[in-house]
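Me: I am new to this structure and would like to learn how to read its features. Could we take them one at a time?

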Amino acid sequence: MARKLGYLRFFIVCVIASIVATTHAQLQLGFYAKSCPKAEKIVSDFVNEHIHNAPSLAAALIRMHFHDCFVRGCDGSVLLNNTNQQAEKNAPPNLTVRGFDFIERIKSLVEAACPGVVSCADILTLAARDSIVATGGPFWQVPTGRRDGLVSNLSEATRNIPAPFDNFTTLQTKFNNAGLDLNDLVILSGAHTIGVSHCSTISNRLYNFTGKLDEDPALDSEYAQNLKKFKCKSINDNTTLIEMDPGSRKTFDLGYYNQVVKRRGLFTSDSQLLVNSVTNSLVNQLLQGSLRNFHAQFAISMEKMGRINVKTGTQGEIRKQCALVNS
């Protein structure tokens, strides 16, 4: 009996040691405090220096971060080039993603200070947060220690990234696959309060929703007519920009949710927040609450998203350039 108890104690100690080791291999605040103490300041300084010259980059960077995390986790794979044009950035959802050069410029500054230490995945995550804060949006904690992925695949991006034309079931599945719930779906959709999109993302809603040259009945008809008259004048318009939250696209506020309940959310995915009783209720709760409450919830969901399938420890690598795996 004593010997069995001894084995049991040994087993428990081993399990605890394994858990502790795993925990230490995970993300942590100030991960680079000793290895590259100025890393986070380099990122924030660059963002603060340049974002006011191009404030629309805040929406672009948070979108890039979002798209990165939904494919193989937050591992910077969206940043990779591929000689066969089969990388994530070549997938349809990413053809309008901007900010790659911006991240590469930050990476070069960090590399100059601490070669081979800070991952592109962390730089993207930090820059997305800092750009939102710099333009008046909420702050959230960014634990660091991510490592960069080695694979970037076009078909995975096409399959996994939530799309503007997705229905509720598809959205729920994609979020569930990423470890996110319906609350996260509603909260993270709130990022549509800033930024713009192209007419091509809603042309079918306006001109050919069911293949019969019709409008999407879920879209407010008056709003649809205004869009067709003043913005998206043709189903073939691929260049005109449209605000996702008209009138306050530069302000990280609750305006997006007001548009959604008026059936003026730009995308099919926006309208789908109203078809489910849970998400519908969450949208209305946000509108009944304060801006401070929305910001606090957004911070929680962003930190949660930033932890999706991260690579830590000895997984992946620390790229020297964000667009290329190390040779």
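**Reading an annotated site and a helix pair**

Reply: Let us begin with one residue in this predicted model. Asp245 is located in the loop that joins strand 2 (241-243) to helix 11 (255-261).

Me: Is Asp245 buried or exposed?

Reply: Buried means under 20% relative accessible area. Asp245 has a relative accessible area of 1%, and is therefore buried.

Me: Which residues does Asp245 touch, not counting residues up to four places away in sequence?

Reply: Asp245 touches His192, Thr193, Asp253, Gly255, Tyr256 and Gln259.

Me: Which residues does the UniProt annotation "binding site" cover?

Reply: According to the unreviewed UniProt entry, this annotation covers Thr193, Asp245 and Asp253. They are spread over 61 residues of sequence, yet they cluster in space, with a largest C-alpha distance of 9.6 Å.

Me: Where does Thr193 lie?

Reply: Thr193 is in the loop between helix 8 and strand 1 (196-198). With a relative accessible area of 0%, Thr193 is buried, because the cut-off is under 20%. Leaving aside residues up to four places away in sequence, its contacts include Asp245, Arg249, Phe252 and Asp253.

Me: How are helix 8 and helix 13 arranged?

Reply: An angle from 35 to 65 degrees falls outside the parallel and perpendicular ranges, so it counts as oblique. Helix 8 (residues 182-189) and helix 13 (residues 277-288) pack at about 45 degrees, with axes 9 Å apart; they are therefore oblique to each other. Their crossing is right-handed.

Me: Which residues meet there?

Reply: From helix 8, Leu182, Asn183, Leu185, Val186 and Ile187 meet Val278, Thr279, Leu282, Val283 and Leu286 of helix 13. By class, this contact has 8 nonpolar, 2 polar and no charged residues.

Technical notes
Residues are numbered from 1 along each chain as its sequence is written. This is a predicted model: local features need pLDDT of at least 70, side-chain atom pairs count only at pLDDT 80 or more; totals for chains, interfaces and linings use all residues. Side-chain values use heavy atoms; hydrogens and water are left out. Axes are lines fitted to C-alpha atoms, for helices over the stretch in contact, and angles run from 0 to 180 degrees between N-to-C directions. Helices (H or I, at least four residues) and strands (E, at least two) are DSSP runs, numbered from the N terminus. Angles under 35 degrees count as roughly parallel, over 145 as roughly antiparallel, 65 to 115 as roughly perpendicular and the rest as oblique. A crossing is left-handed if the near helix is turned anticlockwise from the far one by less than a right angle, and right-handed if clockwise. Contact means heavy atoms within 4.5 Å. Ala, Val, Leu, Ile, Met, Phe, Trp, Tyr, Cys and Pro count as nonpolar, Asp, Glu, Lys and Arg as charged, and the others, Gly among them, as polar. UniProt positions are given in the numbering used here, feature names are shortened, and annotations may be inferred rather than shown by experiment. Buried means under 20% relative accessible area, exposed over 50%, partly exposed in between (1.4 Å probe, protein chains only).
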